[in-house]
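Me: I would like a close look at one charged residue in this structure, and then at the other charged and aromatic side chains around the chain. Please take the single residue first and explain how it sits before widening the view.

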Amino acid sequence: METRNLADLYGLAALDWAGVAARLDAGLDQAPGAGGPDRHTCWLSTINEDGGPHVTAVGALWVDGAFWFETGAVTRKARNLARDPRCALSVATATFDLVVEGGAARISDPATVARLAGVWAAGGWPCRVDESGVALTADFSAPSAGPPPWSVYRITARTATALATVEPGGATRWRF
């Protein structure tokens with residue numbers, strides 16, 4: 001991993017990726033009052049057909065060192081990712097803002113989809129694997145996810161940039 005201190009000009013130390021990852025491992029609860037500034041909202045950016053950005057909120061998870069999200073096939077984000085997997089995901093925590101850039105892939109392994117369904121269910125969204133074995137269903141989801149079934153996506157990070165929001169501050173980019 002290559003680390004670049006973006007706050008060197010201010011005499012600030014580089015942030016530690018292990019600390020960022022440990023905070024993500026602790027979870028990103030979306031309940032009010034749970035995160036920074038008030039709750040954790042993950043924003044996914046994909047590339048529209050005309051090259052412009054498409055940004056939307058997603059209920060992402062950090063599991064096994066990667067961000068995961070779900071969406072239906074008819075959504076703009078799913079159509080954009082089918083054409084071009086490049087994307088970015090951003091989130092604010094109480095101690096840092098983070099942007100992860102990379103590529104998203106739709107997951108078709110039944111065991112992985114089932115495991116992620118269990119993580120979402122444990123976090124309060126009662127989803128389950130549908131009859132196909134490779135997608136999710138539930139009685140409800142965010143309107144932006146479209147109708148079920150919802151495919152699970154994994155973002156493979158190429159870079160991550162964190163900006164500390166507490167003293168002493170700092171900003172760092174990692175290239176994986």
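Reply: The residue to begin with is Arg83, which is found in helix α2, the helix that covers residues 76-83. The model is a predicted one, and what follows describes that model. With a relative accessibility of 39%, Arg83 counts as partly exposed, because the buried class ends at 20% and the exposed class begins over 50%. When its neighbours within four places in sequence are set aside, Arg83 is in contact with Ile47, Asn48 and Glu49. In the case of Asn48 there is a polar approach as well, since a polar atom of the Arg83 side chain lies 3.1 Å from the backbone oxygen of Asn48. As a point of reference along the chain, Trp125 is 42 residues away from Arg83 in sequence, and the C-alpha atoms of the two are separated by 29 Å.

The same helix also holds Lys77, and this residue deserves a careful look. Lys77 is buried yet has no salt bridge, and the nearest side chain of opposite charge, that of Glu70, is 7.5 Å away. That distance lies outside the limit of 4 Å for a salt bridge, which is why Lys77 and Glu70 are not counted as such a pair. Beyond its neighbours within four places in sequence, Lys77 is in contact with Leu44, Thr46, His54, Thr56, Val58, Thr71, Ser144 and Ala145.

Turning from these two residues to the charged pairs, a search of the whole structure finds three salt bridges. One of them joins Arg115 to Asp64, with the closest N and O atoms 2.8 Å apart. Arg115 lies in helix α3 (residues 110-122), whereas Asp64 lies in the loop between β4 (61-63) and β5 (66-72), so this pair ties together parts that are 51 residues apart in sequence. As for accessibility, Arg115 counts as partly exposed at 37%, while Asp64, at 55%, counts as exposed.

Another salt bridge is the one in which the side chains of Asp84 and Arg86 meet, at 2.7 Å from N to O. Here Asp84 counts as buried, at 15% relative accessibility, and Arg86 is partly exposed, with a relative accessible area of 44%.

There is also the salt bridge between the side chains of Arg128 and Asp139, with an N to O distance of 3.8 Å. Arg128 lies in strand β8 (residues 128-129) and Asp139 in the loop between β9 (136-137) and β10 (150-164), so the pair ties together parts that are eleven residues apart in sequence. Arg128 is partly exposed, with a relative accessible area of 40%, and Asp139 counts as exposed at 72%.

The aromatic side chains come next. The structure holds seven aromatic pairs. Among them is the pair of Trp17 and Trp62, which is edge-to-face, with 6.3 Å from centre to centre and 70 degrees between the planes. This pair links distant parts of the chain, given that Trp17 is in helix α1 (residues 17-25) and Trp62 is in strand β4, 45 residues apart. Both partners are buried, Trp17 with a relative accessible area of 15% and Trp62 at 13% relative accessibility. Trp62 also pairs with Phe67, again edge-to-face, with the centres 4.9 Å apart and 70 degrees between the planes. Phe67 counts as buried at 1% relative accessibility. Ring pairs link these three residues with Trp174 and Phe176, so that Trp17, Trp62, Phe67, Trp174 and Phe176 make up one cluster.

Finally, the chain as a whole gives these details their setting. Its secondary structure comes to three helices and eleven strands, and from the N terminus on the elements run β-α-β-β-β-β-α-β-β-α-β-β-β-β. The radius of gyration is 17 Å, close to the 16 Å that the globule rule gives for 176 residues, so the chain is as compact as a globular protein of that length. Taken along the principal axes, the C-alpha atoms fill a box of roughly 55 × 35 × 25 Å. Of the 176 residues, 44% count as buried, and among the contacts with a separation of 6 or more, 60% are accounted for by residues 24 or more positions apart.

Note on methods:
Residues numbered from 1 in each chain as written. Predicted model: local features only at pLDDT ≥ 70, side-chain atom pairs only at ≥ 80, totals over all residues. Heavy atoms only, no water. Helix = DSSP H or I, 4+ residues; strand = E, 2+ residues; numbered from the N terminus. Buried < 20%, exposed > 50% of the residue type's maximum accessible area, 1.4 Å probe, protein only. Contact = heavy atoms within 4.5 Å. Polar contact = N/O pair within 3.5 Å; in protein donor to acceptor, adjacent residues only side chain to side chain. Lys, Arg positive; Asp, Glu negative; His and termini not counted. Phe/Tyr/Trp six-rings, centres within 6.5 Å; stacked < 30°, edge-to-face > 60°. Rg over C-alpha atoms; globule rule 2.2 N^0.38 Å.
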